[in-house]
Amino acid sequence: MAPQPQQPAMHGGAPLPPPQPAKRRSPKAVLKAIGLVIAVIFFAVIWITSLDDAENAEAGDCVQKSSSSLDDGLKVVDCGTSEAEYKVSTVHNDTSDPTVCSQGESAYAKSVHRRKRADTNMVLCLTPVK
C-alpha cells in the first residue's frame with residue numbers, strides 16, 4: 001500500500017481574512033506632497049544664497065554689487081576674482097549713520113530684520129578694489 005499524503009492539521013479558530021489591497025494615494029495627496037517638497041527646496045535656496053550677503057560681511061571681505069531681488073544688494077565674493085568691486089574696511093553695528101565711514105569710503109547701510117529678535121542696523125565702510 002502506498003502512503004497517503006497527510007492533510008494539514010486544522011487547529012481551532014476562524015480562518016484568517018484575506019489581505020487587504022494596498023491603498024492608492026489620491027492625486028490630490030500626491031500633488032500636495034510635491035508642492036511641499038518644492039516649497040522646502042525654494043526656501044532652502046533662499047536661505048543658502050543669503051549666507052553670502054552684506055549681513056555676514058566682515059572687515060577684509062570683498063563684495064560685489066548685486067542686482068538680484070533675492071539678496072540685499074551686496075554679495076560677498078573672493079578678493080582674488082574679477083567680481084570683487086569693493087573691500088570692507090570696517091563694519092559698524094547698531095547704527096545706520098553713514099557718516100561713521102572715513103572720507104573716501106562708501107557707506108553701505110543695512111537694516112537687518114529679525115523675526116524673533118529686534119531689528120538691527122549696520123553700516124559697512126567700503127573702499128574700491130583697484
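How many helices and strands does the secondary structure of the protein comprise? The model is predicted. Its secondary structure comes to 1 helix and 5 strands. Along the sequence, these elements follow the pattern α-β-β-β-β-β. Helix H1 spans residues 27–49. Strand S1 covers residues 62–65, and strand S2 covers 74–77. Strand S3 runs over 86–93 and strand S5 over 120–128. Strand S4 takes up 106–112.

The protein has 130 residues, and 17% of them are buried. The accessible surface amounts to about 10600 Å². Carbon and sulfur atoms account for 58% of that surface. Among contacts with a separation of 6 or more, 50% are between residues 24 or more positions apart.

The largest nonpolar core was examined next. This core holds 10 residues in all: Ala54, Ala57, Val63, Leu74, Tyr86, Val88, Tyr108, Met122, Leu124 and Leu126. Strands S3 and S5 each supply at least two of these residues. The largest share, 3 residues, comes from S5. In soluble globular proteins, nonpolar side chains tend to be buried together.

Nonpolar residues also occur at the surface. Val30, Leu31, Ile34 and Ile38 make a nonpolar surface patch of about 370 Å². One of these residues, valine 30, lies in helix H1. Valine 30 has a relative accessibility of 36% and therefore counts as partly exposed.

Disulfides were then considered. A search of the whole structure finds 2 of them. With bonded cysteines counted along the chain, the pattern is 1-2, 3-4.

One disulfide is formed by cysteine 62 and cysteine 79, with sulfur atoms 2.0 Å apart. Cysteine 62 lies in strand S1, whereas cysteine 79 lies in the loop between S2 and S3, so the bond ties together parts that are 17 residues apart in sequence. The angle about the S-S bond is 105 degrees, and the link of cysteine 62 and cysteine 79 is right-handed. What sets the burial classes of the two partners apart is their relative accessibility. Cysteine 62 counts as buried because its value is 2%, below the 20% cut-off. Cysteine 79 counts as partly exposed because its value is 34%, which falls between the 20% and 50% limits.

The other disulfide joins cysteine 101 to cysteine 125, again with an S to S distance of 2.0 Å. The torsion about the S-S bond of this pair is about -90 degrees, so the disulfide is left-handed. Cysteine 101 sits in the loop between S3 and S4, and cysteine 125 sits in strand S5. The pair links distant parts of the chain, 24 residues apart. Both cysteine 101 and cysteine 125 are buried.

The loop between S3 and S4 also contains aspartate 94. Its phi is near 60 degrees, a positive value in a residue other than glycine. Most residues other than glycine have a negative phi. Is aspartate 94 buried or exposed? Aspartate 94 is exposed, because its relative accessible area is 67%, over the 50% cut-off.

A polar residue in strand S1 completes the account. Glutamine 64 is placed in this strand. Its relative accessibility is 19%, so glutamine 64 counts as buried, given the limit of under 20%. Which residues does glutamine 64 contact, leaving aside its neighbours within four places in sequence? The contacts are Gly73, Leu74, Lys75, Val77, Glu83 and Glu85. One of these partners, Leu74, is also a member of the largest nonpolar core.

Notes:
Residues numbered from 1 in each chain as written. Predicted model: local features only at pLDDT ≥ 70, side-chain atom pairs only at ≥ 80, totals over all residues. Heavy atoms only, no water. Patch = residues over 30% accessible without salt bridge, like charges linked within 9 Å, V, L, I, M, F, W, Y side chains within 5 Å. Areas by Shrake-Rupley, 256 points an atom, 1.4 Å probe, with all protein chains shown as cover. Salt bridge = Lys/Arg side-chain N within 4 Å of Asp/Glu carboxyl O. Helix = DSSP H or I, 4+ residues; strand = E, 2+ residues; numbered from the N terminus. Buried < 20%, exposed > 50% of the residue type's maximum accessible area, 1.4 Å probe, protein only. Core = buried A, V, L, I, M, F, W, Y, C linked by side-chain atoms within 4.5 Å. Disulfide = S-S within 2.5 Å. Contact = heavy atoms within 4.5 Å.
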